[in-house]
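Work through the exercises below with the model open. Try each task before you read its solution.

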Amino acid sequence: MKPIDWDNLGFDIKPAEKMFVAYHRGGAWDEGKIVDYGPIPLYPSAVVLNYGQGLFEGMKAYRTRDGKIAMFMPEANARRLNAGCRRLCMPELDESYFVDAVKALTRENREYVPPFGKGDLYIRPILFGAGEMLGVSPATEYMFVIFMSPVGPYFKGGFRGIHLQIRVDYHRAPLCGTGGVKAVGNYAASLKPKALAKDEGFDEVLYLDARCSAYVEEVGSANFFLLRDGVIATPRLSGSILPGTTRNEVLIIAEERLGLIPQERDIRYDELFTADELFCTGTAAVITPILSVTYDGRRYAVGDGSPGSLTKKLYDELKGIQLGERPDTFNWLTFVD
């Protein structure tokens, strides 16, 4: 293992030594095996390379205060992956197969789990059409791969907050498309608008719906939340929004531990301009405050322009559970050892 500067982790690839690889051939998945991290064999005619038949998941393992290694709801990632497999015509994985593979690989890479409070081990399962095909059809063979990397905050400023640009010239995903699953093509489509936003000094794009460009959908690769007058609101899952695992748990924490009223509803973009607090959530983003949104060239500060107190309380509750500092009354943690 190469030395890692645990005090200066960013969200970039520092691959753990081992990865997991499994194949689906002849109608069934093999047992899979743990191998050294490295290149994987693919033909140029592989369906994932030509037609984008592939998806991924994002997960983390944490070093708790007492030195244990825990994961946050891996079964939910298995279920979401299988929902994506159904949408993209790919073979599903048994939920226990998925969880056992992730746990086994995490044990093998345990030295790459950062010390308590220094970061997380990011876990990336991917499943894709590896078989050869010329016509537009599902592959006949598939690969399931898991690799890992220690990471720090997804956004460079971490909990200090981010600044967003609302764009109407690009949309993340239409209704009845693949926006509700973690399809690889969704993220390729976001690269251009994100680059444009960054060139103009913003951290990310806040996407509106593709039908009328009036309702908030997602913050790049993260779910969006609005706080006002004791209510926590997030866009409803209409089919074009990813059902984030963190999104669901934040709604539960907000209601049961902070007494907020949860709402899943359509949120017009102009509601943001008078919100008490805004933030986004995700496995990578965790809970990240939104300090301002800019629409049509006009910047709107959120609250007093600093991270909100309720956002901080939600962050502390979520991270406290993940790191074993607060009681896991919801049974969300799965321990690796």
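Five exercises follow, each with a worked solution.

This is a predicted model, in which local features need pLDDT of at least 70, side-chain atom pairs count only at pLDDT 80 or more, and totals for chains, interfaces and linings use all residues. Residues are numbered from 1 along each chain as its sequence is written, and side-chain values use heavy atoms, with hydrogens and water left out.

**Exercise 1. Describe how helix 6 packs on helix 7.**

Solution.
- Two packed helices are described by the angle between their axes and the distance between the axes.
- Locate the elements: helix 6 spans residues 245–256 and helix 7 spans residues 309–322. Helices (H or I, at least four residues) and strands (E, at least two) are DSSP runs, numbered from the N terminus.
- Take the geometry: the angle is about 115 degrees, and the axes are 10 Å apart. Axes are lines fitted to C-alpha atoms, for helices over the stretch in contact, and angles run from 0 to 180 degrees between N-to-C directions.
- Classify: helix 6 and helix 7 are therefore roughly perpendicular. Angles under 35 degrees count as roughly parallel, over 145 as roughly antiparallel, 65 to 115 as roughly perpendicular and the rest as oblique.
- List the contact (heavy atoms within 4.5 Å): Thr246, Val250, Ile253 and Ala254 of helix 6 meet Leu314, Glu317, Leu318 and Ile321 of helix 7.
- Sort these residues: six are nonpolar, one is polar and one is charged. Ala, Val, Leu, Ile, Met, Phe, Trp, Tyr, Cys and Pro count as nonpolar, Asp, Glu, Lys and Arg as charged, and the others, Gly among them, as polar.

**Exercise 2. Repeat the analysis for helix 2 and helix 3.**

Solution.
- Helix 2 covers residues 74–87 and helix 3 covers residues 95–108. Their angle is about 125 degrees, with the axes 9 Å apart.
- Helix 2 is therefore oblique to helix 3.
- From helix 2, the contact takes Pro74, Glu75, Asn77, Ala78, Arg79 and Leu81; from helix 3, it takes Glu95, Phe98 and Val99.
- The tally for this contact of helix 2 with helix 3 is five nonpolar, one polar and three charged.

**Exercise 3. Is Asp120 buried or exposed? Find its polar partner.**

Solution.
- Asp120 sits in strand 7 (residues 120–129).
- Its relative accessible area is 7%, so Asp120 is buried. Buried means under 20% relative accessible area, exposed over 50%, partly exposed in between (1.4 Å probe, protein chains only).
- The side chains of Asp120 and Lys60 share a polar contact of 3.2 Å. Such a contact is a pair of N or O atoms within 3.5 Å; within protein, one must be able to donate a hydrogen and the other to accept it, and residues adjacent in sequence count only if both atoms are side-chain atoms.
- Beyond four places in sequence, Asp120 also touches other residues, including Tyr62, Ser149 and Lys319.

**Exercise 4. Compare the settings of Val286 and Asp296.**

Solution.
- Most residues other than glycine have a negative phi.
- Val286 has a positive phi of about 60 degrees; for Asp296, phi is positive at about 50 degrees.
- Val286 belongs to strand 16 (residues 286–295). Asp296 lies in the loop between strand 16 and strand 17 (298–301).
- Val286 is buried at 12% relative accessible area, whereas Asp296 is exposed at 72%.

**Exercise 5. What surrounds Leu55?**

Solution.
- Leu55 is in strand 4 (residues 54–56). With 2% relative accessibility, Leu55 is buried.
- Its contacts outside four places in sequence include Leu81, Cys85, Met90, Ile126 and Val184.
- Gly185 is 130 residues from Leu55 in sequence, yet 8.4 Å away C-alpha to C-alpha.
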